[in-house]
Amino acid sequence: MLERYEERRPEEFFCPEFQKIWLDIQRENARKGEWYSYYLFEKRKPHTVIGTLSLSRIQYGNLCSGVLGYRIGGERQGEGFGTEAAKEGTRIGFEELSLHRMEADVMTENRASLRILEKCGYKKEGYFREYFRINGKWEDHIHMAAIRA
């Protein structure tokens, strides 16, 4: 289900050796305060990852903003986990990181993700033509943002 909205990963990405390296990179980014990554688990099945949440491109000073990202596994989409993840990521950005602004970019046809962001207080701010290359094709994105109240 996510294949349409993000780049395909090589098989090596899913190997334990690569995942250890990836976790080390994530830990270092968090230590520097630049990017926080979270794995999402269902309460009933605490050993099963159902998605991810990230707060990236964190900047302070005059900008004081970050970028929200979330993914829910295809078999668990439509159950409210995306909304819960986006709400919590936005809360972390505003309350724990004291950011002024949270942003997210969504492919134009990803209506479910656009609706999730709207429910979390994000507003459309712009349209980026051929913004990200996904699976070999440049895709247009809608730029959404929320401002801390």
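Which residues are linked in a network of salt bridges? In this predicted model, the network consists of Glu-42, Arg-44, Arg-76 and Glu-79. The description below starts with the sheet, then turns to the charged pairs and the surface.

The sheet is open and built from six strands. Their order is E1-E2-E3-E4-E6-E5, and the pairing is mixed. Strands E1 and E5 stand at the edges. Each has a single partner strand, so one side of each is left without a neighbour in the sheet. On average, neighbouring strands are turned by 30° against each other, with direction ignored. Strands of a sheet pair through backbone hydrogen bonds, in either a parallel or an antiparallel sense. Both senses are described below for strand E4, with E3 as its parallel partner and E6 as its antiparallel partner.

Strand E4 spans residues 101–107 and is mostly covered. Seven of its seven residues are buried. Both faces are covered. One side carries Arg-101, Glu-103, Asp-105 and Met-107. The other carries Met-102, Ala-104 and Val-106. Charged residues are thus listed among the buried positions of this strand, including Glu-103 and Asp-105.

Strand E3 (residues 65–72) pairs with E4 in the parallel sense over three bridges. Ser-65 has Arg-101 of E4 as its bridge partner. Between these two strands the chain passes through helix H2, residues 81–96. The resulting β-α-β crossover is right-handed. Helix H2 contains Phe-81. This residue is buried because its relative accessible area is 18%, below the 20% cut-off. Phe-81 and Tyr-127 are 46 residues apart along the chain, and their C-alpha atoms are separated by 26 Å.

Strand E6 (residues 137–147) runs antiparallel to E4, and seven bridges join the two. Ala-104 has Met-144 of E6 as its bridge partner. Strand E6 is also joined to E5, here by eight bridges and again in the antiparallel sense. Phe-128 is partnered by His-141 in E6. Arg-133 stands opposite Trp-138 in E6. The hairpin of E5 and E6 has two residues between the strands. Asn-135 in this hairpin takes a positive phi near 50°.

Side chains of opposite charge can pair when their charged atoms come close. The count for this model comes to 14 salt bridges. Three of these pairs are described here, beginning with one from the network.

Glu-42 forms a salt bridge with Arg-76, with the closest N and O atoms 2.3 Å apart. Glu-42 lies in strand E1, whereas Arg-76 lies in the loop between E3 and H2. The pair therefore ties together parts that are 34 residues apart in sequence. Both partners are buried. Glu-42 has 6% relative accessibility and counts as buried. For Arg-76 the value is 12%, and this residue also counts as buried. Both residues belong to the network that includes Arg-44 and Glu-79.

A second salt bridge joins the side chains of Glu-125 and Arg-101, at 2.2 Å from N to O. This pair also links distant parts of the chain. Glu-125 is in strand E5 (residues 123–134) and Arg-101 is in strand E4, 24 residues apart. The two ends differ in exposure. Glu-125 counts as partly exposed at 45% relative accessibility. Arg-101 is buried, with a relative accessible area of 16%. Arg-101 is also the bridge partner of Ser-65.

The third pair is Lys-32 and Glu-34, whose closest N and O atoms are 3.8 Å apart. Lys-32 is partly exposed, with a relative accessible area of 45%. Glu-34 is likewise partly exposed, at 37%.

The surface also holds a nonpolar patch of about 330 Å². Leu-23, Tyr-39, Phe-41 and Val-49 make this patch. Phe-41 is found in strand E1, residues 36–42. Its relative accessibility is 42%, so Phe-41 counts as partly exposed. Strand E1 thus holds Phe-41 of the patch as well as Glu-42 of the salt bridge to Arg-76. E1 is also one of the edge strands of the sheet.

Key
Residues are numbered from 1 along each chain as its sequence is written. This is a predicted model: local features need pLDDT of at least 70, side-chain atom pairs count only at pLDDT 80 or more; totals for chains, interfaces and linings use all residues. Side-chain values use heavy atoms; hydrogens and water are left out. Patches are made of residues with over 30% relative accessible area and no salt bridge: like charges are joined within 9 Å, nonpolar side chains (Val, Leu, Ile, Met, Phe, Trp, Tyr) within 5 Å. Accessible areas come from the Shrake-Rupley method with a 1.4 Å probe; for residues, only the protein chains shown count as cover. A salt bridge is a side-chain nitrogen of Lys or Arg within 4 Å of a carboxyl oxygen of Asp or Glu. Helices (H or I, at least four residues) and strands (E, at least two) are DSSP runs, numbered from the N terminus. Buried means under 20% relative accessible area, exposed over 50%, partly exposed in between (1.4 Å probe, protein chains only). Two strands pair if DSSP finds at least two bridges between them. A crossover is right-handed if, with the strands pointing away from the viewer, the path from the first strand over the helix to the second runs clockwise. Axes are lines fitted to C-alpha atoms, for helices over the stretch in contact, and angles run from 0 to 180 degrees between N-to-C directions.
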